[in-house]
Amino acid sequence: MPALGFGTLIPDAAVTISATRGALEAGFRHFDCAERYRNEREVGEALQTGLAAGGIAREDLFVTTKLWNSNHRPERVEPAFEASLERLKLNYLDLYLIHTPFAFQPGDEQDPRDQNGNVIYDRDVTLLDTWRAMENLVDHGKCRAIGLSDISLNELLPIYESARIKPAVVQVEAHPYLPETELLEFCKEKGIVFLAFAPLGHGIRPGPLEDPVIVAIAERIGKTPAQVLLAWAVQRGTALLTTPRTAARAKENFSISALPEDPFEEINRIQTRQRLNDVVRTGSPGFIPQGT
């Protein structure tokens with residue numbers, strides 16, 4: 001898996017296509033998708049255009065998508081996977097993730113709610129049930145690896161211990177305000193890729209991009225705050241996802257280099273602690289615009 005990944009959580013269809021093409025042109029080869037984003041067709045179209053243009057083979061790409069909460073029942077896992085594969089216009093996936101450890105009421109409604117507006121959870125399926133169905137996808141050969149997203153270490157441990165096929169990747173929010181050090185150390189120990197989303201703070205203001213430590217380091221070493229944050233993420237041993245909407249920003253985010261040791265340690269000493277997305281507690285991703 002390339003350490004620098006392009007996240008495709010973009011509400012607008014046209015922007016999804018142009019941004020994905022821009023990321024390809026900038027050098028990104030790792031693309032992170034999800035059934036829940038409702039734009040797999042647009043991502044697939046952009047990737048196919050890039051492949052058809054020549055110079056990029058399917059084997060050069062690392063494509064991930066995710067099983068949504070309403071498809072956790074074992075009998076729904078393979079149909080959901082196949083539907084994503086069809087929308088992406090691919091014949092295999094490099095990685096398939098369980099989007100969150102929460103099971104919602106099974107069905108086509110991605111955000112099932114009761115009359116009071118509360119999420120309807122599915123209490124009759126366990127995360128391990130879903131994981132067993134994920135393992136079957138690897139057995140069938142269309143899925144190279146499987147993993148989990150938006151999960152805590154406490155939720156990960158029983159799955160890891162019971163899994164026949166161990167999680168290859170864990171994708172969670174991580175940045176200097178939420179370093180997830182304990183989970184990162186576990187992943188390193190077990191050979192699991194720790195994949196950080198929102199490494200720039202997902203545009204939340206104020207956030208890591210405006211942090212005085214980050215801004216001062218950027219000025220000192222002649223980089224942008226974004227480049228500093230992304231370099232820090234890679235240097236500490238994580239892969240990462242970023243979602244540049246323009247070709248220029250894609251080039252900026254792709255052009256990172258190692259930080260000197262002192263700035264790296266300065267970032268490690270930042271004391272602010274803030275989770276930006278509460279999905280690990282609810283199963284409802286806070287970054288996805290309501291009504292999509």
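The paragraphs below go through one helix pair and then the two largest pockets of this predicted model.

The pair consists of helix H5, residues 153–162, and helix H6, residues 181–190, whose axes come within 11 Å and cross at roughly 20 degrees. Because angles under 35 degrees count as roughly parallel, H5 is classed as roughly parallel to H6, and the crossing of the two helices is left-handed. On the H5 side the contact is made by Leu 153, Leu 156, Leu 157 and Tyr 160, while H6 contributes Glu 182, Leu 183, Phe 186 and Lys 190. Sorted by class, this contact holds six nonpolar residues and two charged ones, with no polar residues.

The largest pocket has a volume of about 700 Å³, and of the 37 residues that line this pocket, the closest to its centre are Ala 198, His 202, Gly 203, Thr 242 and Thr 243. Helix H8 (225–235), strand S8 (239–242) and helix H9 (247–254) each supply at least two residues of that lining, with H9 giving the most, namely three residues. The lining comprises 17 nonpolar, 13 polar and seven charged residues.

The second largest pocket, with a volume of about 270 Å³, is lined by 15 residues, of which Glu 35, Asn 71, Ala 83, Arg 87 and Gln 110 are the closest to its centre. Here helix H2 (40–52) and helix H3 (74–88) each supply at least two lining residues, and H3 gives the most, with five residues. By class, the lining of the second largest pocket has seven charged, five polar and three nonpolar residues.

Conventions. Residues are numbered from 1 along each chain as its sequence is written. This is a predicted model: local features need pLDDT of at least 70, side-chain atom pairs count only at pLDDT 80 or more; totals for chains, interfaces and linings use all residues. Side-chain values use heavy atoms; hydrogens and water are left out. Axes are lines fitted to C-alpha atoms, for helices over the stretch in contact, and angles run from 0 to 180 degrees between N-to-C directions. Helices (H or I, at least four residues) and strands (E, at least two) are DSSP runs, numbered from the N terminus. Angles under 35 degrees count as roughly parallel, over 145 as roughly antiparallel, 65 to 115 as roughly perpendicular and the rest as oblique. A crossing is left-handed if the near helix is turned anticlockwise from the far one by less than a right angle, and right-handed if clockwise. Contact means heavy atoms within 4.5 Å. Ala, Val, Leu, Ile, Met, Phe, Trp, Tyr, Cys and Pro count as nonpolar, Asp, Glu, Lys and Arg as charged, and the others, Gly among them, as polar. On a 1 Å grid over the protein atoms alone, a cavity is a set of points where a 1.4 Å probe fits but cannot get out, and a pocket is an open set with protein on both sides within 12 Å along at least five of seven lines; lining residues have an atom within 4 Å of a point. Grid points are joined across faces, edges and corners, and a volume is the space filled by probe spheres set on the points.
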